[in-house]
Amino acid sequence: MRHIPSAAAVVAALVCALPAAAAGGTLVVAAAEDPDSLDPAIAYDTESWQVLVNAGEGLVAYRHAAGAAGAEVVPALAQAMPSVSADGRRLVFRVRRDARFGPPANRAVRPSDLKASIERLFLAGSPGRGLFRSIAGATRFEATRSGGIPGLVARDGARTLEVRLVRSDPAILRVLALPFAFALPAGTPATPQAGPGLASAGPYRVAAYTPGAGIELARNPGYAPGAATRGAAGPDAISVRLGLSPEEGAALVRGGRADYVQPRPSGDDVAAAAASPAARVRRHVEGTTYYFFMNTRRAPFDDVRVRRAVGLAIDRAALAKAFEGQAVPTAQVLPPGVPGRRVTPAAPAPDVAAARRLVAQAGATGAYVTVWGQTNTPSPDVTARLARTLDAIGLRATSRLWERTTLLATLADPAAPSQIGYARWRQDYPDAADWFPLLLSGDGIRPGATLNYALLDDDALDRRIAAAAATWDDATRARRWQGVEAAVARRAAWAPFANTVRRDIVSRRVAGYVPHQVYGFLWMRARVP
């Protein structure tokens, strides 16, 4: 029988193995599980992206900044932002002369590498391939897996990659900034790759990976910074130690033997870190919104007055507290930092009396309602709070809790007998196009694949969404998305109530902490002595 060491033994061994804080140069990360993949085409977990953003680069990248500035797309391997045709359907990028792959390729990045990397997404069955379907010919290539994607035209001699789209789709720039579009040498097999064998075009490379033990990131020889990484000193190396619980990782930081706890720490660990002279706690709002959906096709929520009553009655501050310090109240669909989020006062206080009047006006007093929720925390508490609120405004509510995957599979069918329920959305990229078209447009209602749980199907709203999604000018686009958010609020198909908050435990020796809305703490921006 294989001997499994105790958690205490693991911590003791790591305390001896990790470099002392004074050694300098290496950022030490205490992590729990292995990444879902270190292949950028396959990786999808937040923890995997937090590793890969250091060890790869695409044509463009998100600005390495906190807050709303982190949603801005800047050139990376591209020499500048692309030229865009008048109809918004043709983009031309020029690849920088000094863009290079590190080991084992050790050569310049060519436009044909970038074309092949996007095609590889479809060949490898990438979870992100759907984000690239606005490229002309991508859907056909996905089906046939032959002939390449004609909407990607690589001209290595001119160092250009032309991207042709089936429609005006400005969000493609934010998609191209994700790890899915990181450059790999043409000819990289479409089977999942482990990481150390992949050539990185970013500031670091995966030098070693031992599943269950650790990941070592080393400086990428020959890397020349672009607009996204220029001016970042960063650590000499990044060492990710795997197999540690949040409690073990927090103990290592407090002991001066690690610099960052990657898994979410408990409230007790946060409190201990706040009191420790060796640690500090940093907080930032994430790109996740929790909300109650209301089925606009099923009584009593087919009446907008009842839906508005729910939005009026819920106590958002109390609901956010159910997340034990990991959420803040909101009344908007878009989380902070996403272009187009409206600047409004804090989430409103509940008005139960006004909500009761609306329910009565709709003739819905006494209507029976079942609130759907999940079995995982904090959904049972939040679902019960909503049921009590519905009782208070004149409805008769009961709760039904589902295992999460079963609930999501059930809601994917528009025929599901849902009325109202608990849900969340975590953005893939910081743009309203990753929210409204998927979650609140009639186009998103498809048998077996519905994310529009409210089944909101409003032609006027859909036209607003389509116009905003096709707009390239940033200021106009933001205004149009603000108009969409206001129109969604009037239809009241959702009652948003919370955005999640990430609490990071870092060592006091770490300077340059930058919390990014896509990647979380940007390790490459940290400075360690």
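Contact here means heavy atoms within 4.5 Å. The model on screen is predicted.

**Stop 1: the whole chain**

Show the C-alpha trace of the full protein chain. Along its principal axes the trace spans about 70 × 60 × 50 Å. The radius of gyration is 24 Å, which agrees with the value near 24 Å expected for a compact globule of 529 residues. Colour by secondary structure next: the protein chain has 15 helices and 21 strands.

Switch on the surface. The accessible area of the protein chain is about 20,800 Å², and 53% of that area belongs to carbon and sulfur atoms. Of the 529 residues, 55% count as buried. Among contacts between residues at least 6 apart in sequence, 72% join residues at least 24 apart. For the charges, the mean position of the 63 positive ones and that of the 45 negative ones are 4 Å apart.

**Stop 2: Pro35**

Select Pro35, in the loop between β1 (26-30) and α2 (46-52). Is Pro35 buried or exposed? Its relative accessibility is 15%, so Pro35 counts as buried. Show its surroundings: beyond the neighbours within four places in sequence, Pro35 is in contact with Ser48, Tyr209 and Ile215. For a distance across the model, pick Gly137 as well. Pro35 and Gly137 are 102 residues apart in sequence, and their C-alpha atoms are 32 Å apart in space.

**Stop 3: two cis peptide bonds**

Select Pro103 and Pro104. The peptide bond joining Pro103 and Pro104 is cis, with omega about 5°. Pro104 sits in the loop between β6 (100-101) and β7 (107-108).

Now move to Ala299 and Pro300. The bond from Ala299 to Pro300 is also cis, and its omega is near 0°. Pro300 is found in the loop between β14 (279-294) and α8.

**Stop 4: two positive phi angles outside glycine**

Select Arg145, in the loop between α4 (138-144) and β8 (152-155). Arg145 is not a glycine, yet its phi is positive, about 55°. With 47% relative accessibility, Arg145 counts as partly exposed.

Then select Leu455, which lies in the loop between α13 (436-439) and α14 (459-469). Leu455 has a positive phi of about 55° and is not a glycine either. What is the relative accessible area of Leu455? It is 5%, so Leu455 is buried.

**Stop 5: Arg174**

Go to helix α5 (residues 172-176), which contains Arg174. The relative accessible area of Arg174 is 14%, and the residue is therefore buried. Which residues does Arg174 touch, not counting those up to four places away in sequence? They are Tyr62, Ala71, Val73, Pro339, Tyr429, Pro430 and Asp431. Displaying these side chains together with Arg174 shows the surroundings of the arginine.

**Stop 6: helices α6 and α7**

Select α6 (residues 246-254). Its buried residues include Pro246, Glu248, Gly249, Ala250, Leu252 and Val253. After the helix comes Gly256, with a positive phi near 75°.

Add α7 (residues 267-275), where Asp269, Val270 and Ala273 are buried. These residues cover an arc of only 100° around the axis, which puts them on the same side of α7. An α-helix has 3.6 residues a turn, so residues three or four places apart point the same way. The face turned away from the buried side of α7 carries the exposed residues Asp268, Ala274 and Ala275. What do the buried residues of α7 pack against? Show α6, β14 and β19 (494-507), which are their packing partners.

**Stop 7: helix α10**

Finish at α10 (residues 352-361). Ala354, Ala355, Leu358 and Val359 are buried in this helix. Look down the axis of α10: the buried residues fall within an arc of 140°, so they line one face of the helix. Turn on α8 (304-313), which is included in what covers these buried residues. The residue to pick last is Gly363, which follows α10 and has a positive phi near 70°.

Notes. Residues numbered from 1 in each chain as written. Predicted model: local features only at pLDDT ≥ 70, side-chain atom pairs only at ≥ 80, totals over all residues. Heavy atoms only, no water. Helix = DSSP H or I, 4+ residues; strand = E, 2+ residues; numbered from the N terminus. Rg over C-alpha atoms; globule rule 2.2 N^0.38 Å. Buried < 20%, exposed > 50% of the residue type's maximum accessible area, 1.4 Å probe, protein only. Areas by Shrake-Rupley, 256 points an atom, 1.4 Å probe, with all protein chains shown as cover. Lys, Arg positive; Asp, Glu negative; His and termini not counted. Charge placed at Lys NZ, Arg CZ, Asp CG, Glu CD. Arc of directions from axis to C-beta.
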